[in-house]
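Work through the exercises below with the model in view. Each task is followed by a solution in steps.

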Amino acid sequence: MLRVGMLTSGGDCQALNAAMRGVAKGLSTNVEDLEIFGFLNGYKGLIYGDYKLLSSSDFSGILTKGGTMIGSSRQPFKLMRVPDENGLDKVEAMKQNYYKLNLDCLVILGGNGTQKTANLLREEGLNVIHLPKTIDNDIYGTDVTFGFQSAINIATDAIDCIHTTAASHNRVFIVEVMGHKVGWLTLYAGLAGGADIILLPEIPYDINKVVQSIEKRSKAGKGFTILAVAEGAISKEDAQLSKKEYKKKLEKSKKNYPSVSYEIAQRIQEKLGTEVRVTVPGHTQRGGSPSPYDRVLCTRLGAEGAKAILEKDYGKMIAMVNDDIKRVPLENVAGKLKTVDPNGQTVREAKFIGISFGD
Ligand code: F6P
């Protein structure tokens, strides 16, 4: 009998169900005696022993369904070693529930924080397999994470829709794109949507350069400008601040601006006297059906995850490396962030065709 636990942790994305399906089908096609337990709402389910036994029918018809059928929640890694409000040792509780169910391994789907806890559980002696999920695409050691391509489609749609209305008005438009501390989603959606200015956390912007780019466009007879702004975009002045000082500054500016784009909009408005409109697609970027790319990616990652389990090759992230699906040791990647290279090819090509990064 093979007994496998599964959990999805952190912010959701479109292809979590598709990835779980890939693993489950890979296992059930090749093993007769199989039990899969779904821990509910991320690590919470593993900590508090909240789970359900999943049958093969649970994994049918979910390839195209967004969200996660077993729920998710954020359980910050830095609090994992901190007892809960009732003094419960969370790590010990997770181990106990794993042993109580006599599991052979845990399949953990999630982003950076989730991966760090997966690695912690590995260090504690549990067998784990990690599948890299996040629309942010910031997991080190894999070329791409699932959810990213689906989110690009949605953020691109948002920019496309702004394009048609922008063309009717002489205005500056900002579309704020998710991505947490990295700019992958903004870079790709910005390029796909034909944004004129792209602001990323990795390339601190100078507001005067941003304004110059807008002015240059209007002098060339272009009535509108579209900015794709990452939610983590940062100005050159703010990039000089220490982490603590910047956090304080953000807290203060939250009183006046719901997010960075509104502050940028106001600064442009003040300098140019032009109307600036902000659109924030927000969580729509994590919603809806997975794109065909993500469905294929998750099927491949899931199949390889199942193979790794059958070979008892644990402690691995199943990753895409140079178009091949590979098993990457968790200890080599946990805690590392994959950021956009400001001098990388994609940024250089974008600059070459006249897109401004405000630097
Ligand atoms: O990590 C995925 C993500 O959508 C980020 O892009 C974003 O910063 C964050 O999650 C939003 O988190 P929440 O859903 O908790 O508001």
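**Exercise 1.** How do the residues of the shell around the ligand divide into nonpolar, polar and charged?

Solution. This is a predicted model, in which local features need pLDDT of at least 70 and side-chain atom pairs count only at pLDDT 80 or more, while totals for chains, interfaces and linings use all residues. Residues are numbered from 1 along each chain as its sequence is written, and side-chain values use heavy atoms, with hydrogens and water left out.
Step 1: list the residues around the ligand (a heavy atom within 4 Å of it): Arg74, Ile135, Asp136, Met178, Gly179, His180, Glu231, His283 and Arg286.
Step 2: apply the classes, in which Asp, Glu, Lys and Arg count as charged, and Gly is among the polar residues.
Result: the shell has 2 nonpolar, 3 polar and 4 charged residues.

**Exercise 2.** Find how far oxygen atoms of the ligand are from polar side-chain atoms of Arg74, Asp136 and Glu231.

Solution. A polar contact is a pair of N or O atoms within 3.5 Å.
- For Arg74 the distance is 2.9 Å.
- For Asp136 it is 2.7 Å.
- For Glu231 it is 2.5 Å.

**Exercise 3.** Which helix gives the most to the lining of the second largest pocket?

Solution. Step 1: the ligand takes up the space of this pocket. Lining residues have an atom within 4 Å of a point on a 1 Å grid.
Step 2: of the 32 lining residues, Arg74, Gly111, Asn112, Gly113 and His180 are the closest to the centre of the second largest pocket.
Result: helix H4 (residues 112-123) gives the most, with 5 residues.

How values were computed
Polar contact = N/O pair within 3.5 Å; in protein donor to acceptor, adjacent residues only side chain to side chain. 1 Å grid on protein atoms, 1.4 Å probe; cavity = no way out; pocket = protein on both sides within 12 Å on 5 of 7 lines; lining within 4 Å. Sits in = over half its atoms within 2 Å of the grid points. Helix = DSSP H or I, 4+ residues; strand = E, 2+ residues; numbered from the N terminus.
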